[in-house]
Amino acid sequence: MSKRIETTDLNVYYSDFRAVEDVTITIQPRAITAFIGPSGCGKSTFLRTLNRMHEVIPGARVEGEVLLDGENLYGAGVDPVRVRRQVGMVFQRPNPFPTMSIRENVLAGIKLNFSRMPKGEQDDLVERSLRSANLWEEVKNRLGLPGSGLSGGQQQRRCIARAIAMAPAVLLMDEPCSALDPISTLAIEDLMSELKEKYTIVIVTHNMQQAARVSDTTAFFNIAGTGSPGRLIESGPTDKIFSTPDVQATEDYISGRFG
Amino acid sequence: MTAITHRLGSETLTAGRLPKATIPVAIAASAVLGYALAVLASGTANIGLAILFAFLVFLVTVEITTRVVEGARQAADRRAGNLIAGAFLLALVPLGSVTFEAVSNGLARFDLAFFTQSMRNVVGEGGGAVHAIYGTVYVTGMATVISVPIGLLTAIYLAEYGVRNRLSKAITFFVDVMTGVPSIVAGLFAYALMGLLLGPGARSGFEGSIALSVLMIPVVVRSCEELLRLVPNELREAAYALGVPKWLTIVRVVIPTAISGIISGVILAIARVIGETAPLLIAAGFTASLNNNLFANPMMTLPVFVYDSYAHPGTDVQVYWDRAWAGALTLILIVMILNLVGRLIARRFAPKTGR
């Protein structure tokens, strides 16, 4: 159920402002792809075009194509709601639904859409998703509680459980560890490595070590200056990008000479 | 190199502290002194003047002692605190006074007959306001039924769909204008509208509901819009990312998150219109009998009952005035019960806490 993503000459605009320019990249299934680059270089914007989440912002639009196993996400008649059921997303800050219990949060994607599911299957799905997110042992005795006392890392794993309960083909993660301490970060990195057996994972991160640790492919984004669009500078196997990149700017960024 | 002295002078970390008993002692002393000053100034023991003098004396004493012992910053802090406390107590005076007057005057007729009888065939003693209580419940209930859907849906459009487009700017403008419509105009509007539809002179409880809705809708729109905007965008995005359509996100995520505030807003809007007299006088009219039909014939309401009993007493004036006070007390109690119920409901629906 893991799917490949290909984009060709993708441009993203906010009204008249071009935020991302001519991105052509292939994202492999069953692998982790990391987007790195300085703040404001358009990597989060680009990530959000992969499940049409950028459309939530008024005036945002896209030119070019994004192919999910050959099917254009921006083709005529494509419903963004259906796209997002295939391409899940985890956000920078954990955003559980405050009115729901831990269990309801995991089932949110199903319950909010009024899908019918027998109770036994629901229990099964909750346990499976929470186990996949390495959270089951910590919350199994308080599934009916709101869980507002969970730690930041637990909240984030709960949001990951919520995303994988929908059985997406692709999981997009927008700086999922930036608000977490090193131990929770490690837990989530381990989780990503397990999840890549089943899903295509794309992660945006500011943490270079994290990109080096977990990703199989790394893509470096950069901007020429304020007001100019972000571009994909280069992408390739993580080992290569972090040892012998083709472009000088990549090496400068990775070695900490700027950014 | 010269030693740098601290800009604010003192190098010590400690400062003088007034003993804890200072404030109570100052209050007691100021009370005595204020009373004495009031007697000196006016010759009689005027309670208002005494309190004013006592407060001024208290302000000055606390200012001086704090400044001497604790320093200027602490004195400023105490001064601001005392002024705010004074303003708060001043604001409580009308509330306390109204409650006291309504209870002490209203209890005379706050009896079983008041809640079981109407004014049908009653001249002089006896009688009750059951027709007015029912009328108020019907008319305000109907106004709520009309206003809440219109107001809530408008707020949803403003906060979720038409963010800063031309239509929503126009709606916001007209809602603001509507907030300022005098209530008598709302009554005339309802009267004229029903006059056009049903022929001149038509009066009914429903007509009163329309008049109240005109006053209620803008309040509901504004409070609901604010509350919907308070729902964090992250929750909407979380729902979208799970493949939940926008309308379902609003119905099942945004509104439940804001529901406790929305309920309080609606209750406040009801409390705002339940005491309206002028529009109901015109639109719902008045009658001495119980009318259970919202759509025909005049319907009595509590504010109109109070007004009518007070303005048109019969030969035995005191009997009518007692009924008026009892009516006012009932109205206050209804609003209070509404507030309590609203709080209970709001607490029931508030985002759950717990580990």
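In which order do the strands of the 10-stranded open sheet of chain A stand? I looked this up first in the model, which is predicted. I read the order as β5-β4-β1-β2-β10-β9-β3-β8-β7-β6 in chain A, and I noted that the pairing is mixed.

**Entry: sheet edges.** I then turned to the ends of this order. Strands β5 (71–72) and β6 (87–90) of chain A stand at the edges. Each has a single partner strand, so one side of each is left without a neighbour in the sheet.

**Entry: one strand pair.** I followed β1 (residues 5–14) of chain A to β4 (residues 60–68) of chain A and found the two joined by eight bridges. They run antiparallel. Within this part of the sheet I looked up A:Thr8, whose bridge partner in β4(A) is A:Glu65.

**Entry: a helix on the sheet.** Helix α7 (residues 152–164) of chain A packs on the sheet, where it touches β6 and β7 (170–174) of chain A. I recorded an angle of about 170° between the direction of α7(A) and that of β6(A).

**Entry: chain A as a whole.** I counted 11 helices and 10 strands in chain A. Its radius of gyration is 18 Å, close to the 18 Å that the globule rule gives for 259 residues, so chain A is as compact as a globular protein of that length. Along the principal axes, its C-alpha atoms fill a box of roughly 55 × 45 × 30 Å. I found 47% of the 259 residues of chain A to be buried. Of the contacts in chain A with a separation of 6 or more, 69% are between residues 24 or more positions apart.

**Entry: the contact between chains.** How many residues does each chain bring to the contact? I noted 27 residues from chain A and 22 residues from chain B. On the side of chain B that touches chain A, α9 (233–241) and α10 (246–274) of chain B each supply at least two residues. Helix α9(B) gives the most to that side, with seven residues. I sorted the side of chain B by class and obtained 13 nonpolar, four polar and five charged residues.

**Entry: domains of chain B.** Chain B is divided into domain 1 (22–108) and domain 2 (114–349). I took the centres of these two domains over C-alpha atoms and found them separated by 39 Å. Five residues of domain 1 of chain B are in contact with six residues of domain 2 of chain B. On the domain 1 side I listed three nonpolar residues, two polar residues and no charged residues.

Methods. Residues are numbered from 1 along each chain as its sequence is written. Chains are lettered from A and ligands numbered from 1 in the order in which they are written. This is a predicted model: local features need pLDDT of at least 70, side-chain atom pairs count only at pLDDT 80 or more; totals for chains, interfaces and linings use all residues. Helices (H or I, at least four residues) and strands (E, at least two) are DSSP runs, numbered from the N terminus. The radius of gyration is taken over C-alpha atoms; the globule rule is 2.2 Å times the number of residues to the power 0.38. A residue is buried if 20 or more other C-beta atoms lie within 10 Å of its own, exposed if 12 or fewer, and partly exposed in between; C-beta atoms are placed from the backbone. Two residues are in contact if their C-beta atoms, placed from the backbone, lie within 7 Å. Ala, Val, Leu, Ile, Met, Phe, Trp, Tyr, Cys and Pro count as nonpolar, Asp, Glu, Lys and Arg as charged, and the others, Gly among them, as polar. Two strands pair if DSSP finds at least two bridges between them. Axes are lines fitted to C-alpha atoms, for helices over the stretch in contact, and angles run from 0 to 180 degrees between N-to-C directions. Domain bounds come from an automatic or database domain assignment.
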